[in-house]
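Me: I should like to examine the enclosed and open spaces of this model, and then a few of its residues. Please reason through each answer briefly.

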Amino acid sequence: MDMDKVDISVNISKDKKLNKNLFNKVWDSHAVKTLSSGQTQLFIDLHLIHEVTSPQAFGMLRSSSLDVMYPNKTFATVDHIIPTDTRQRPFQDSLAEDMIVAIKKNCEEFGIKFFGVETGDQGIVHVVGPEKGLTQPGMTIVCGDSHTSTHGAFGSIAFGIGTSQVRDVLATQTLAINRLKVRRINVNGDLKPGVYAKDVILHIIKKLGVKGGIGYAYEYGGSTIENMNMEERMTLCNMSIEGGARVGYVNPDQKTFDYLKDREYSPKGEKWQKAVEYWKSLASDSDAEYDDIVNIEAVEIAPTVTWGINPGQAMSIEDLIPSENEVKEEDKLTLKEALEYMDLKEHQPIAGTKIDVAFIGSCTNGRLSDLEEVAKYVKGQKVSSKVKALVVPGSMRVKLEAENKGLDKVFEEAGFEWREAGCSMCLAMNPDKLQGRQLCASSSNRNFKGRQGSPSGRTVLMSPVMVAAAAITGEITDARKLFNE
Amino acid sequence: MSLNKITKVQGTAVYVSGDDIDTDRIIPARFMKCVTFDGLGQYAFYDVRFDENGNSKDHPMDKAEHKEATILISGKNFGCGSSREHAPQSLYHWGIRAIIAESYAEIFFGNCTMLGIPCITLSKEQIEKIAVLIQKNPSLNLEIDLMTNKLFLDTESIEFQIPESSKLSLMEGRWDSLGELLDGKDAIKLTAKKLESAY
């Protein structure tokens with residue numbers, strides 16, 4: 001590649017006349033070259049790693065005698081396996097202990113910044129990136145975790161990768177990938193009271209299906225999205241992958257810049273204004289072209305919960321569980337399997353279904369604003385004696401900020417356990433697990449069979465406020481009815 | 001780095017029926033507490049194959065006639081969910097060398113190609129037909145020929161789909177992308193410089 005070409009591509013990204021969307025602008029400015037397979041060699045600005053999907057990648061580097069090309073573009077933390085009751089080392093689970101030892105050692109050996117527990121900055125990788133100001137508009141961001149799409153809330157192109165690709169990014173700061181198509185999803189209007197970003201994304205997945213997004217990046221826009229704060233946009237983008245879309249993003253705007261201003265890794269001084277101008281230039285042009293456009297009215301969206309074994313098997317809390325003849329031919333097989341597994345019946349309301357566990361947390365809904373919103377409603381209420389209820393902050397910073405606001409007391413007084421930061425019961429790689437056939441009302445992102453640690457455990461996904469309502473009544477409940485009375 | 005050129009995969013097949021089979025089902029998260037992929041083969045589809053006491057549930061993968069299978073057949077959106085490479089690694093270590101399905105989740109598909117596992121696509125009808133043939137004759141030999149995009153079985157052949165970039169990488173022995181990415185080091189540095197000076 002010669003310098004002329006490089007200069008041209010910078011100009012293209014700033015050219016307003018090309019009707020380009022953000023995805024294509026960012027892609028073009030990060031394309032190193034076209035590989036012989038036809039894939040793009042894509043430059044990665046920010047690489048996040050955690051303890052589960054990185055150790056094998058470092059092993060591969062060592063066995064090939066390779067170094068990390070840009071150690072200052074990779075940041076690490078520990079989230080999946082970390083216990084949330086006690087941080088005492090060594091962990092009781094020796095396998096978990098091995099993994100935390102390995103990531104620390106790997107980071108030290110290769111010169112990578114590690115946000116361990118001792119730094120006070122540990123947390124779920126998708127909570128830590130934004131709160132440190134590492135996540136910025138126009139960046140390409142990858143992590144060996146499919147919920148990397150979360151970072152798209154800032155107008156970055158962010159997606160999950162496998163461990164061999166983690167190795168590729170460590171060794172070359174690039175990866176081989178095919179360009180995606182872009183689907184614009186407009187959501188317009190005001191959300192009804194008691195309807196949250198979580199309901200919006202569950203509604204979108206229900207409407208477009210769990211594989212509807214394969215081959216696409218989702219660009220979310222419209223007045224509903226513009227009105228969302230950054231944490232709500234993160235919830236939205238987080239679950240793009242559950243709809244099959246590896247990437248989901250929102251164009252950067254003043255809210256994005258306000259969030260990032262003065263964060264630890266945000267540009268400072270003179271650079272800040274230049275950065276903002278550059279970021280603005282990356283937003284999709286007003287006449288940008290898309291491969292597909294979907295329009296959704298906010299008023300259609302109710303508090304949404306899942307009834308099945310994938311996040312597309314979702315319904316309004318007001319509706320009845322669908323029957324076989326209400327779903328598409330291709331979804332009939334999974335419907336039967338799901339109802340059997342969940343022990344639910346078609347044409348019945350889901351409200352009233354007994355729960356055993358309530359989980360508030362995860363990279364989807366473990367941020368400060370999630371906890372603040374729930375705390376408003378649980379103040380003075382009591383968790384049902386039949387329910388084990390956990391609140392797991394997304395990061396040590398979220399925990400600290402919540403405690404500074406006294407939220408821990410509100411939760412504890414209501415009967416919730418107030419835990420340390422981590423992924424916890426979202427995927428139950430740490431000691432927080434369902435037992436047997438327990439049913440969990442969960443603010444996390446996946447309701448797959450066995451997802452929450454028991455091979456026969458059951459998950460119903462919903463917003464954190466809906467989880468709180470279920471915790472209090474002991475059954476799946478329309479939070480609007482419970483809390484407005 | 002020199003890799004095998006993968007032009008053909010042949011062997012017997014095992015049919016794991018179902019749509020939207022996610023990577024948590026392929027490899028439950030509790031088995032990811034490891035710092036190497038070796039040994040993951042025994043945990044592939046663990047909770048579908050074994051009950052909570054570790055007793056076999058007589059899953060197709062555990063039937064004597066399928067134990068040597070090299071080709072896995074399933075439904076649509078295979079491998080959805082998590083990006084964990086542990087999923088294709090567990091299948092690979094169990095003995096799987098190619099997958100036939102109606103469609104695949106994107107990250108899973110990329111992870112498979114990276115390990116040299118071709119993921120080919122057939123229609124629901126074609127898959128159901130093959131499943132019946134395998135049920136009748138579990139030792140039926142299948143041959144996936146990437147050169148001609150044809151699956152040979154019995155006396156017939158069926159045309160399959162596979163994205164061109166994946167097919168080329170496999171056939172030309174470049175399925176593990178690292179070698180080619182490393183070749184572009186100078187271009188990488190130029191791109192890095194350009195992006196760093198964007199503002």
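Me: What is the volume of the largest cavity, and which residues are the closest to its centre?
Reply: This is a predicted model, and the values given here are computed from it. The largest cavity holds about 180 Å³ of space. It is lined by 21 residues, and the closest to its centre are H80(A), D145(A), H147(A), L427(A) and R451(A).

Me: Where does the largest cavity lie with respect to the domains of chain A?
Reply: Chain A is divided into domain 1 (19-295) and domain 2 (306-482). Both domains give residues to the lining of the largest cavity, so the cavity lies between domain 1 and domain 2 of chain A.

Me: How many residues of each class form the lining of the largest cavity?
Reply: The classes to be considered are nonpolar, polar and charged. The lining of the largest cavity has four charged and six nonpolar residues, and its polar residues number eleven.

Me: How many residues does each domain of chain A bring to the contact between them?
Reply: The centres of domain 1 and domain 2 of chain A, taken over C-alpha atoms, are separated by 24 Å. In the contact, domain 1 of chain A takes part with 41 residues and domain 2 of chain A with 47 residues.

Me: How many cavities of 30 Å³ or more are found, and what is the volume of the second largest?
Reply: A search of the whole structure finds four cavities of 30 Å³ or more. The second largest cavity has a volume of about 120 Å³.

Me: Which residues are the closest to the centre of the second largest cavity?
Reply: The lining of the second largest cavity divides into nine nonpolar, five polar and two charged residues. Of these 16 lining residues, the closest to the centre are I241(A), G244(A), C80(B), G81(B) and A105(B).

Me: What is the volume of the largest pocket, and which residues are the closest to its centre?
Reply: The largest pocket contains about 810 Å³ of space. Its lining consists of 36 residues, of which the closest to the centre are K449(A), R25(B), D47(B), V48(B) and K57(B).

Me: Which helix gives the most to the lining of the largest pocket?
Reply: The lining of the largest pocket comprises 15 nonpolar, eight polar and 13 charged residues. At least two lining residues each come from α12 (332-342) of chain A and from α1 (23-26) and α2 (46-49) of chain B. The most, four residues, is given by α12(A).

Me: Is T174(A) buried or exposed?
Reply: T174(A) belongs to strand β8 (residues 174-177) of chain A. Its relative accessible area is 0%, which is under the 20% limit, so T174(A) is buried.

Me: With which side chains does the side chain of T174(A) make a polar contact?
Reply: Beyond four places in sequence, T174(A) touches residues including V32(A), F43(A), D168(A), L181(B) and I188(B). Its side chain makes a polar contact at 3.0 Å with the side chain of Q41(A). Another polar contact, at 2.7 Å, joins the side chain of T174(A) to that of T172(A).

Me: Is G248(A) buried or exposed?
Reply: G248(A) lies in strand β11 (residues 247-250) of chain A. Leaving aside neighbours within four places in sequence, G248(A) is in contact with S149(A), G152(A), Y218(A), Y220(A), C237(A) and S240(A). The relative accessible area of G248(A) is 0%, so G248(A) is buried.

Technical notes: Residues numbered from 1 in each chain as written. Chains lettered and ligands numbered in written order. Predicted model: local features only at pLDDT ≥ 70, side-chain atom pairs only at ≥ 80, totals over all residues. Heavy atoms only, no water. 1 Å grid on protein atoms, 1.4 Å probe; cavity = no way out; pocket = protein on both sides within 12 Å on 5 of 7 lines; lining within 4 Å. Points joined across faces, edges and corners; volume = space filled by probe spheres on them. Nonpolar A, V, L, I, M, F, W, Y, C, P; charged D, E, K, R; others polar. Domains from an automatic or database assignment. Buried < 20%, exposed > 50% of the residue type's maximum accessible area, 1.4 Å probe, protein only. Polar contact = N/O pair within 3.5 Å; in protein donor to acceptor, adjacent residues only side chain to side chain. Contact = heavy atoms within 4.5 Å.
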